[in-house]
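Work through the following exercises on the structure shown below. Each task is followed by a solution in steps.

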Amino acid sequence: MSERLGTVINIGSNSQGNAFYLEIKRDGFKKPFGLLLDCGFRYEKIATALREYGKSVNDINSILITHEHNDHCIGVREMHDRGKAIFAPPNVFTRNGLTVNESFIIKSLHKKSIADGVRVLPIPLDHQELDGSMVENYAYIIEVNNDFRILYITDTKFIRYDLSPYPSDLIIVESIFDIVTGK
């Protein structure tokens, strides 16, 4: 795992906000690729958390958002305004009042390249609003140079898809679901 993965920082994982920073080492690049998984905090909180580990927001090359809830995307506009490449379901951009090029839109089960040597496969997850309506939410299989996989899962009760064809080297599961209360 150490060949592909550098620093991993859990900026936060709770109902107040979610964000994980990963450094990914790719073939042919001296500098690691900085990936922010979800952006559920304001810019300054993310910047402060990264500084604590000797990192900077400038180290973030791309941001991958799972869904439109604030605890996963409240910092999207600030990051977008600072020129960060953000990949997300369309409703994330709509919610944040942003118009983006189609190349940044995530679509269910369609692999997308987010950088040289880094591709993501969005897997639909079941995530409901309080009224019972469904939220467009994705787990991501992040593939690096066809030889290293990261699986990122958040805010779901279960996964409908067989993921066995995608063995993962790192699995990140963010979950605060309470089976007793259903929240």
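**Exercise 1.** Determine how far the sulfur of Cys 73 is from the closest cysteine sulfur, and state why no bond forms there.

*Solution.* Step 1: the closest cysteine sulfur to that of Cys 73 belongs to Cys 39, at 8.2 Å, which is too far for a bond. A disulfide is counted where two cysteine sulfur atoms lie within 2.5 Å. Step 2: a search of the whole structure accordingly returns zero disulfides. Step 3: Cys 73 is buried, with a relative accessible area of 1%, and Cys 39 is buried as well, at 0%. Buried denotes under 20% relative accessible area, exposed over 50%, and partly exposed the range in between, with a 1.4 Å probe and protein chains only.

The model is predicted: local features require pLDDT of at least 70, side-chain atom pairs count only at pLDDT 80 or more, and totals for chains, interfaces and linings use all residues. Residues are numbered from 1 along each chain as its sequence is written, and side-chain values use heavy atoms, with hydrogens and water left out.

**Exercise 2.** Describe the open sheet that contains β1, and locate the helix that packs on that sheet.

*Solution.* Step 1: the five strands follow the order β1-β2-β3-β4-β5, with mixed pairing. Strands (E, at least two residues) and helices (H or I, at least four) are DSSP runs numbered from the N terminus; two strands pair if DSSP finds at least two bridges between them. Step 2: the edge strands, β1 (5–14) and β5 (85–87), each pair on one side only. Step 3: from one strand to the next, the twist averages 15°. Axes here are lines fitted to C-alpha atoms, for helices over the stretch in contact, and angles run from 0 to 180 degrees between N-to-C directions. Step 4: helix α1 (residues 43–51) packs on the sheet and touches β1, β2 (17–24) and β3, its direction making about 135° with that of β1. Step 5: β3 (residues 33–37) pairs with β4 (residues 62–64) in the parallel sense over three bridges, and Leu 35 stands opposite Ser 62 in β4.

**Exercise 3.** Place His 127 in the chain, and decide whether this residue is buried or exposed.

*Solution.* Step 1: His 127 lies in the loop between β7 (118–125) and β8 (137–144). Step 2: with a relative accessible area of 13%, His 127 is buried. Step 3: leaving aside neighbours within four places in sequence, the contacts of His 127 (heavy atoms within 4.5 Å) include His 67, His 69 and Asp 155. Step 4: β8 is joined to β9 (residues 148–154) by five bridges, and the two strands run antiparallel.
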